[in-house]
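User: Please take a close look at one part of this structure, the nonpolar core and the strands around it. I am in my first year, so plain wording would help.

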Amino acid sequence: MHTSLQRLNAVLAYFVTVAFCVVALISATSPIFLATVNKKALKADVTVEDVVVKGARTNYYGSRTSAEVGHVKFSINADLTPLWHWNTKEVFVYLTVDYATSQQVNQLVLWDRIILSKGAARFNIRREKAKYAVTDMDRKLSGAQGNVTLHWNIVPWVGPMLTQTAETSAPIMFPKK
């Protein structure tokens, strides 16, 4: 005969096995669902409204030198509701600027937002000032050209975090001081 502890152990082991299988199935099907979402149905338009380059005193690596800092105003009209399904916990949306300097291509985050519900996944932002200023390690920003692109990370309840990029981007030109 089996004792009650052995029976409890068998029931709990069975429950854990079934729960693990369900979690593995959910984790495997979430990327498949995202692949079926039509990227054309996701409306995400970004426009750059205003770009200003100013001189600022920075303290990079212990030396107090002046550098150029870019301030960007932008507009976003986005509808990310097709990204929401039963396994979506939140969507992290961020706006990046990609520009080239003499040495390399840089990518900086201008703005970000966490969307916690499907109702908040549709937003229209007008002439918003960027959360983060644009600076460069070369301390020279004027004359640089690049693109502003909207990205998002889908954070699921179970499974891997998935990253996507909007189909459209907006050109940006940092004016000469």
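Analyst: What follows goes through the core, then the strand pairs, then the cavity and a few single residues. The model is a predicted one.

The largest nonpolar core has 38 residues. Which of them touch the most other members? They are Ile 76, Leu 80, Trp 111, Leu 150, Trp 152 and Phe 174. At least two core residues come from each of these strands: strand 1 (43-58), strand 2 (65-79), strand 3 (88-100), strand 4 (105-115), strand 5 (122-129), strand 7 (145-156) and strand 8 (162-173). Strand 3 gives the most, namely five residues.

Leu 80 shows what one of these positions looks like in detail. Leaving out residues up to four places away in sequence, Leu 80 touches Leu 42, Val 93, Ile 115, Ala 121, Phe 123 and Trp 152. Trp 152 is itself among the core residues that touch the most other members.

Next come the strand pairs. Strand 3 and strand 4 run antiparallel and are joined by 10 bridges. The two strands form a hairpin, with four residues between them. Within this pair, Leu 95 has Trp 111 of strand 4 as its bridge partner, and Trp 111 is another of the core residues with the most contacts to other members.

Strand 7 and strand 8 also pair in the antiparallel sense, over nine bridges. Their hairpin has five residues between the strands, and Gly 159 there takes a positive phi near 115 degrees. Ile 154 stands opposite Leu 162 of strand 8.

Is Gln 164, a residue of strand 8, buried or exposed? Gln 164 counts as buried because its relative accessibility is 14%, and the cut-off for buried is under 20%. Apart from neighbours within four places in sequence, Gln 164 is in contact with Leu 34, Leu 42, Leu 83, His 151 and Trp 152. Leu 42 and Trp 152 also appear among the residues that Leu 80 touches.

The pair of strand 7 and strand 8 leads on to the cavity. How many cavities of 30 Å³ or more does a search of the whole structure find? The search finds one, and the space in the largest cavity is about 40 Å³. Its lining consists of Ser 30, His 85, Asn 87, Thr 88, Ile 154, Pro 156, Pro 160 and Leu 162. By class, four of the lining residues are nonpolar, four are polar and none is charged. Ile 154 and Leu 162, which stand opposite each other, are both part of this lining.

Pro 156, another lining residue, lies in strand 7. Pro 156 is buried because its relative accessible area is 14%. Not counting residues up to four places away in sequence, Pro 156 touches Asn 87, Thr 88, Lys 89 and Met 161. Of these, Asn 87 and Thr 88 also line the cavity. Pro 156 and Ser 27 are 129 residues apart along the chain, yet their C-alpha atoms are separated by 8.8 Å.

Two further residues are partly exposed. Arg 127 lies in strand 5 and has a positive phi of about 45 degrees, although it is not a glycine. Arg 127 counts as partly exposed because its relative accessibility is 45%. Ala 24 lies in helix 1 (residues 4-36) and counts as partly exposed at 37% relative accessibility. Ala 24 and Phe 123 are 99 residues apart in sequence, and 33 Å separates them from C-alpha to C-alpha. Phe 123 is one of the residues that Leu 80 touches.

Technical notes: Residues are numbered from 1 along each chain as its sequence is written. This is a predicted model: local features need pLDDT of at least 70, side-chain atom pairs count only at pLDDT 80 or more; totals for chains, interfaces and linings use all residues. Side-chain values use heavy atoms; hydrogens and water are left out. A nonpolar core is a set of buried Ala, Val, Leu, Ile, Met, Phe, Trp, Tyr and Cys residues joined through side-chain atoms within 4.5 Å. Buried means under 20% relative accessible area, exposed over 50%, partly exposed in between (1.4 Å probe, protein chains only). Contact means heavy atoms within 4.5 Å. Two strands pair if DSSP finds at least two bridges between them. On a 1 Å grid over the protein atoms alone, a cavity is a set of points where a 1.4 Å probe fits but cannot get out, and a pocket is an open set with protein on both sides within 12 Å along at least five of seven lines; lining residues have an atom within 4 Å of a point. Grid points are joined across faces, edges and corners, and a volume is the space filled by probe spheres set on the points. Ala, Val, Leu, Ile, Met, Phe, Trp, Tyr, Cys and Pro count as nonpolar, Asp, Glu, Lys and Arg as charged, and the others, Gly among them, as polar.
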